[in-house]
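Hi everyone, thanks for having me. I'd like to walk you through one structure, so let's put it up on the screen.

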Amino acid sequence: MSNIYLVGFMGAGKTETGRVIARRMGRGFLDLDDAVEARLESTIPEIFEALGEDAFREAETAELEKTILRKDLVVATGGGAFSDPDNRRLIEDAKAVSIFLDPPWEAICSRIDERDRERPNWVDDRKARALFVKRRPDYLLAEIHLELTGTESPMDVADMACSALRENQCAT
Ligand code: S3P
């Protein structure tokens, strides 16, 4: 099998779940935000502030391209990555699997503090909600859709992802 990409909004649990899936499947784990930070040697808020979101997105796509060269990774993408059609095409062309982690808005909102300065695109709850609604159709283009209640642990979500992956493999 090829790489596995976890997609979904900020606070969906992509990083925590990705780590568990990788451990269970004996794969490497990569957080795309961490890769961008390492590439630009700055934190995400600093990148947004000093270089702007476009520069962040360029670096995000470049780091995503690098992951495509591997076949053994579980990748947690940032909340905006899968909304870029070029990024989606990269994942699709690599025959990698994308998994949409889809907890309800209320669960997401309760996990993220408006004052969270780590997430420049979470300006306030109202604006974040509008972004969530706008991006949801993009996330729904993922190959696997995990509808969550938001009360599951990362282990529970990893269980769901692993069985969906098994079913997906049987179907192809
Ligand atoms: C972003 C989400 C963040 C990070 C950056 C932008 C977004 O990742 O990539 O702050 O636009 O949704 P997480 O989804 O891991 O918070």
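So, start with the sheet: 5 strands make an open sheet, and reading across, the order is 2-3-1-4-5, with parallel pairing. Keep in mind that this is a predicted model. The edges are strand 2, residues 28-31, and strand 5, residues 144-147, and each of those pairs on one side only. How much are neighbouring strands turned against each other on average? By 20°, if you ignore direction.

Let's look at one edge. Strand 4, which covers residues 97-102, pairs with strand 5 in the parallel sense, over 4 bridges. If you want a spot to click on, take Ile99: its bridge partner in strand 5 is Ile144.

Now over to the other edge. Helix 2, residues 32-40, lies across strand 2 and strand 3, and strand 3 is residues 73-76. Helix 2 runs at about 65° to strand 2.

Okay, now a single residue, Gly8. Where does Gly8 lie? Find the loop between strand 1, which is 4-7, and helix 1, which is 14-25, and there you'll see Gly8. And is Gly8 buried or exposed? With a relative accessible area of 1%, Gly8 falls under the 20% cut-off, so we call Gly8 buried.

So what does Gly8 touch, if we skip residues up to four places away in sequence? Lys14, Gly79, Phe100, Leu101 and Tyr139. Two of those names, Phe100 and Leu101, sit in the 97-102 stretch of strand 4 that we just met.

One last distance: Gly8 and Val20 are 12 residues apart in sequence, and in space they're 17 Å apart, C-alpha to C-alpha.

Methods. Residues numbered from 1 in each chain as written. Predicted model: local features only at pLDDT ≥ 70, side-chain atom pairs only at ≥ 80, totals over all residues. Heavy atoms only, no water. Pairing = 2+ DSSP bridges. Helix = DSSP H or I, 4+ residues; strand = E, 2+ residues; numbered from the N terminus. Axes fitted to C-alpha atoms, helices over the stretch in contact; angles between N-to-C directions. Contact = heavy atoms within 4.5 Å. Buried < 20%, exposed > 50% of the residue type's maximum accessible area, 1.4 Å probe, protein only.
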